[in-house]
Amino acid sequence: MAANPDDYRSPLDRAHQHTTEWLRSVPTRQIRPQKTADEIAEHFSVPLPDGPTDPTAVIDELATFAEPGLMAMPSGRFYGWVIGGTLPAALASDWLVSAWDQNSALRYASPSTAALEQAAGDWLLELLGLPSGCDVGFTTGATMANFVGLAAGRKAVLDAAGWNLDRDGLSGSPRITVLVGEERHASLDLALRYLGLGTPTPLAVDNQGRLSEAALANALDRVDGPVLVCLQAGNLHSGAFDPMRDTIRRAHEHGAWVHVDGAFGLWAAASPRYRDALDGIDTADSWATDAHKTLNVPYDCGIAVVARPDVLRSTFGVHTDYLIHDDHGPGDPWEKVPELSRRARGVPVWAALRSLGRSGAVELVERLADTASALAAGLRAIPGVEVLNDVVFTQVCLAFGTDELTRRVTQQVISDGTVWMSGSHWQGRDILRISVSNWSTDPDDIRASIEAVRHALEVAQTA
Ligand SMILES: *Cc1c(COP(=O)(O)O)cnc(C)c1O
């Protein structure tokens, strides 16, 4: 065998060293990247070298020349989009997953990763209060987890309408109506596009982006034929949760499949604090969430949960002679996701939950929300700062009088580099958005972040 185990030692040692330096730099470095992709490409976009390079030199080159173009996303002062950091056990376990190099499609082929993902899935169902008989699939993110839930739903509602999707495809099938709040996440449209379901029918929402129950009831009364209803747990801007129990019951009365996009907001279900706001969420048919957001595992990992394993496995399973398929019990990992060959991305979920325990997971979710409240309170106290949303979870939306000033403050905050927050547009106004998703944000970060916005406003006002 040409591989000598010692050949790995030096590049891995160097990678470890660079990793340690990177992690050590995170708390104090500027959050924004110091170079653009075009500037970084000046080093990397060269013709493919004619001959080999020593692996250790490759790692040194990579770490050295990539470093200035990295965003400090793992920082406690990074609040952009909805992006989590990485818990120590999750990151270290991800290294093991790479070293093990298991194709984690089949229980027979990779028993340990299958068992770990099964355990992680069971823990998630328990923590989030979802029915214990659900199937759990580990995807690349919530976009694909939405795709999984909606693919199962598409199959189930067409089946109920007497249409054989697998044999006959979508051409000529009954038209599926997809009902969803106007403020859905764009990835839902993407998933529906992948599924050939077109653009969904948007329903009215309230001033926090919550689906109107009356609008849903009206729409359901008017449709004829198969229906998918998508609810949202965690609005991208306000953090608000769509009403669950009554909307799900009503949708079910119309034979609809109900899917919940809870990319970050589904984690609220772990905390007794949010029990009332999410009441009835467990009665839906499928759910999507991310582990790389609230749970703080490294990129990438999403989670699809489906209440009907028979439908899910018939959607994504295939039977061939060369795959040794486990027909009994929990099913193979690849029957629950779109991929066949796959990374055991559920293993870092297991490690994160193992290290946190139930109390740690609940505390993490509540701490993120408390941090959002503390930021909102501190920022609201600054003259000229408006907090636009009811801060009910981890999201805060700010405005500064005019759209123009808000955009200037956003630019200033980002270029100062102490924090990173995204600009966006919500309910008719330009905003500066904060998403608290990093496990490591502490009171010093909160103080520094409030001060960073105050300073940016001052500079923008005098500019
Ligand atoms: C982030 C997000 C998604 C998409 O998740 P990815 O992990 O980026 O694929 C979907 N819905 C909501 C509400 C989100 O916040």
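Select Phe 241 to begin: with a relative accessibility of 7%, Phe 241 counts as buried (buried is under 20% relative accessible area, exposed over 50%, and partly exposed in between, with a 1.4 Å probe and protein chains only). The model is predicted, so local features need pLDDT of at least 70 and side-chain atom pairs count only at pLDDT 80 or more, while totals for chains, interfaces and linings use all residues. Residues are numbered from 1 along each chain as its sequence is written, and side-chain values use heavy atoms, leaving out hydrogens and water.

Add Phe 393 to the selection. Phe 393 is buried too, at 1% relative accessibility. The ring centres of Phe 241 and Phe 393 are 5.7 Å apart and the planes stand at 55°, so the pair is tilted (rings of Phe, Tyr and Trp, the last by its six-membered ring, pair if their centres lie within 6.5 Å; planes under 30 degrees apart are stacked, over 60 edge-to-face, and the rest tilted). Phe 241 sits in the loop between strand 4 (227–232) and helix 10 (245–253), and Phe 393 in the loop between strand 8 (386–387) and strand 9 (395–399), so the pair ties together parts 152 residues apart in sequence. Helices (H or I, at least four residues) and strands (E, at least two) are DSSP runs numbered from the N terminus. Now add Phe 264 and Tyr 274, which form one aromatic cluster with Phe 241 and Phe 393.

The whole structure holds ten aromatic pairs. For another of them, select Phe 78 and Trp 81: this pair is tilted, with 6.5 Å from centre to centre and 35° between the planes. Phe 78 is buried, at 1% relative accessible area, whereas Trp 81 is partly exposed at 43%.

Next, look for enclosed space. Two cavities of 30 Å³ or more are found in the whole structure. A cavity is a set of points, on a 1 Å grid over the protein atoms alone, where a 1.4 Å probe fits but cannot get out; a pocket is an open set with protein on both sides within 12 Å along at least five of seven lines; lining residues have an atom within 4 Å of a point. The largest cavity has about 70 Å³ of space, and its lining includes Val 82, His 185, Asp 261, Phe 264 and Lys 293.

The largest pocket has a volume of about 1600 Å³. Select Thr 19, Trp 22, Leu 23, Leu 91 and Trp 95, the closest to its centre of the 48 lining residues. Helix 1 gives the largest share of this lining, twelve residues; helix 3 (55–66) and helix 4 (88–100) each supply at least two.

From Trp 22, go to Arg 29, in the loop between helix 1 (6–25) and helix 2 (37–44). Arg 29 is buried, with 14% relative accessible area. Leaving aside residues up to four places away in sequence, Arg 29 touches Trp 22, Glu 67, Leu 70 and Ala 72 (contact means heavy atoms within 4.5 Å).

Then select Val 178 in strand 2 (residues 177–181), where Val 178 is buried at 3% relative accessible area. Beyond four places in sequence, its contacts are Leu 192, Leu 197, Pro 200, Thr 201, Leu 228 and Cys 230.

Finish at helix 12 (residues 347–380), which spans only 41 Å between its end C-alpha atoms, against 50 Å for a straight helix of 34 residues at 1.5 Å a residue. Where does helix 12 bend? Select Gly 357: the bend there is about 100°.

Definitions and conventions. The expected span of a helix is 1.5 Å times one less than its number of residues. The bend at a residue is the angle between axes fitted to the seven residues ending there and the seven starting there. Grid points are joined across faces, edges and corners, and a volume is the space filled by probe spheres set on the points.
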